[in-house]
Amino acid sequence: MPRGRRKQNVLTLEEQLVTVNERIQEVESELKQLRSQRKEIQEKIEEQEKETLFRAVVASGRTVEDVLAILKAQDQKEEQ
């Protein structure tokens, strides 16, 4: 009973290079998208932190200027 030969997919070096270059482009594109997503998420986190801070200032009954003055005084005290 003769054995069937499987068709082998042998790529030339040039074809391998094209394939690798295409894959590199795909991965670079995905990396670009992921970096964009990361930036968006970081911006959302910063906005949440700002909102939390502002709500804490409002809840304290103090103005933003009062809180800034307190922080400045505290920084000067720590420097001494």
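Trainee: Why does Glu47 count as partly exposed?

Mentor: This is a predicted model, and in it Glu47 has a relative accessibility of 49%. Partly exposed covers values between 20% and 50%, so Glu47 belongs in that class.

Trainee: What makes the contact between Glu47 and Lys50 a salt bridge?

Mentor: The closest N and O atoms of Glu47 and Lys50 are 3.6 Å apart. A salt bridge requires a side-chain nitrogen of Lys or Arg within 4 Å of a carboxyl oxygen of Asp or Glu, and therefore this pair qualifies. The two residues are 3 residues apart in helix 1, which means that about one helical turn separates them.

Trainee: How many salt bridges does the structure hold?

Mentor: The structure holds 3 salt bridges. One of them joins the side chains of Arg23 and Glu26, with an N to O distance of 3.4 Å. Since the limit is 4 Å, this pair also meets the definition.

Trainee: Where do Arg23 and Glu26 lie, and what separates them?

Mentor: Both belong to helix 1, which spans residues 13-60. Because they are 3 residues apart there, about one helical turn lies between them. Arg23 has a relative accessible area of 48%, and Glu26 has 49% relative accessibility. Partly exposed ends at 50%, so Arg23 is placed in that class, and Glu26 is likewise partly exposed.

Trainee: How do you know that Arg55 and Glu51 form a salt bridge?

Mentor: Their closest N and O atoms are 3.0 Å apart. That value is within the 4 Å cut-off, so the pair is called a salt bridge. Arg55 and Glu51 are 4 residues apart in helix 1, with about one helical turn between them.

Trainee: Why is Arg55 called exposed?

Mentor: Arg55 has 56% relative accessibility. Exposed means over 50%, and therefore Arg55 meets that condition. Glu51, at 37%, counts as partly exposed.

Trainee: Which residues form the negative surface patch?

Mentor: Glu40, Glu43, Glu46 and Glu49 form it. Asp and Glu count as negative, so the patch carries that name. Glu46 is found in helix 1 and has 45% relative accessibility. A patch residue needs over 30% relative accessible area, so Glu46 satisfies that requirement.

Trainee: What makes Gln37 partly exposed?

Mentor: Gln37, found in helix 1, has 45% relative accessibility. This value falls between the limits of 20% and 50%, so Gln37 is partly exposed.

Trainee: How far apart are Gln37 and Leu11 in space?

Mentor: From C-alpha to C-alpha they are 36 Å apart, with a separation of 26 residues in sequence.

Methods: Residues are numbered from 1 along each chain as its sequence is written. This is a predicted model: local features need pLDDT of at least 70, side-chain atom pairs count only at pLDDT 80 or more; totals for chains, interfaces and linings use all residues. Side-chain values use heavy atoms; hydrogens and water are left out. Buried means under 20% relative accessible area, exposed over 50%, partly exposed in between (1.4 Å probe, protein chains only). Patches are made of residues with over 30% relative accessible area and no salt bridge: like charges are joined within 9 Å, nonpolar side chains (Val, Leu, Ile, Met, Phe, Trp, Tyr) within 5 Å. Accessible areas come from the Shrake-Rupley method with a 1.4 Å probe; for residues, only the protein chains shown count as cover. The place of a charge is taken as NZ of Lys, CZ of Arg, CG of Asp or CD of Glu.
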